[in-house]
Amino acid sequence: MNVSEELIRQIVTKVIQAAAAEKQEQGFEKVVDPSGIIGIKTSTVKCEPFEQEGVYLKDVVTLEEAPRMGCGVMELDHTSFEWTLTYDEYDYVIDGTLEIEIDGRVITGKPGDIIYIPKGSHIHFQTPDKTRYVYFVYPANWSELA
């Protein structure tokens, strides 16, 4: 079977256009390998407003891609909000200062730090500055458990 150079060019162009359209649709750079491995450029993730002013987030994997664990990026801008977790969560601080207040005590995370919050915790997320962090949740369908 002979495959023309023009046909190869058309196929490559369509693949590149499809990847660009997917990137634009999700709003960040993500590579999903056929093996299931996913690579995400967190610096490209654009968070969207959440439930109150100063709180923004973006889930970066779908339940189809990662049915057991969820992941996203959250930004807090000089704010705090109360939350009860119906899931386990790890937070990895990228920028700023993340404070988790529970029972009058504060656990503080700076860039590079990881904070674990167990399921059932009633907390206040708070930050004295603009903070960006990655959250990892188990189970993945955290927003459906509330």
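## Exercises on a predicted model

The side chains of K58 and E48 form a salt bridge, with 3.1 Å from N to O. The model is a predicted one. The exercises begin with this pair.

**Exercise 1.** Find the strands that hold K58 and E48, and state what the pair ties together.

*Solution.* Step 1: K58 belongs to strand β4 and E48 to strand β3, so the salt bridge ties together parts that are 10 residues apart in sequence. Step 2: β3 and β4 (residues 55-59) run antiparallel and are joined by 2 bridges. Step 3: within this pairing, P49 stands opposite Y56 in β4.

**Exercise 2.** Classify K58 and E48 as buried, partly exposed or exposed.

*Solution.* Step 1: the cut-offs are under 20% relative accessible area for buried and over 50% for exposed, with partly exposed in between. Step 2: K58 has 14%, so K58 is buried. Step 3: E48 has 41% relative accessibility, so E48 is partly exposed.

**Exercise 3.** Give the strand order of the open sheet, then explain what is special about the strands at its edges.

*Solution.* Step 1: the chain has 1 helix and 12 strands. Step 2: 6 strands make up the open sheet, in the order β3-β4-β5-β12-β7-β10, with antiparallel pairing. Step 3: β3 (48-49) and β10 (114-117) stand at the edges; each has a single partner strand, so one side of each lacks a neighbour in the sheet. As background, strands of a sheet pair through backbone hydrogen bonds.

**Exercise 4.** Examine the salt bridge between K30 and E65. Where does each residue lie?

*Solution.* Step 1: the whole structure contains 4 salt bridges. Step 2: in the one between K30 and E65, the N to O distance is 2.8 Å. Step 3: K30 is in strand β1 (residues 30-32) and E65 in the loop between β4 and β5 (70-77), so this pair, 35 residues apart, links distant parts of the chain. Step 4: K30, at 13% relative accessibility, counts as buried, while E65, at 24%, counts as partly exposed.

**Exercise 5.** Decide whether the ring pair F50 and W83 is stacked or tilted, and do likewise for F125 and Y133.

*Solution.* Step 1: a search of the whole structure gives 5 aromatic pairs. Step 2: planes under 30 degrees apart count as stacked, over 60 as edge-to-face and the rest as tilted. Step 3: the ring centres of F50 and W83 are 5.7 Å apart and the planes lie at 55 degrees, so this pair is tilted. Step 4: F50 is in the loop between β3 and β4 and W83 is in strand β6 (residues 80-84), 33 residues apart. Step 5: F50 is partly exposed at 25% relative accessibility, whereas W83 is buried at 16%. Step 6: for F125 and Y133 the centres are 6.3 Å apart and the planes at 15 degrees, so the pair is stacked. F125 and Y133 are both buried. Step 7: ring pairs join F50, F81, W83, F125 and Y133 into a cluster.

**Exercise 6.** Which residues make the nonpolar surface patch, and which strands each supply at least two of them?

*Solution.* Step 1: the patch covers about 730 Å² and is made by M69, Y90, Y92, I114, Y116, F136 and Y138. Step 2: β7 (88-95), β10 and β12 (130-138) each supply at least two of its residues. Step 3: Y138 is found in strand β12 and counts as partly exposed at 48% relative accessibility.

Definitions and conventions:
Residues numbered from 1 in each chain as written. Predicted model: local features only at pLDDT ≥ 70, side-chain atom pairs only at ≥ 80, totals over all residues. Heavy atoms only, no water. Helix = DSSP H or I, 4+ residues; strand = E, 2+ residues; numbered from the N terminus. Pairing = 2+ DSSP bridges. Phe/Tyr/Trp six-rings, centres within 6.5 Å; stacked < 30°, edge-to-face > 60°. Buried < 20%, exposed > 50% of the residue type's maximum accessible area, 1.4 Å probe, protein only. Patch = residues over 30% accessible without salt bridge, like charges linked within 9 Å, V, L, I, M, F, W, Y side chains within 5 Å. Areas by Shrake-Rupley, 256 points an atom, 1.4 Å probe, with all protein chains shown as cover.
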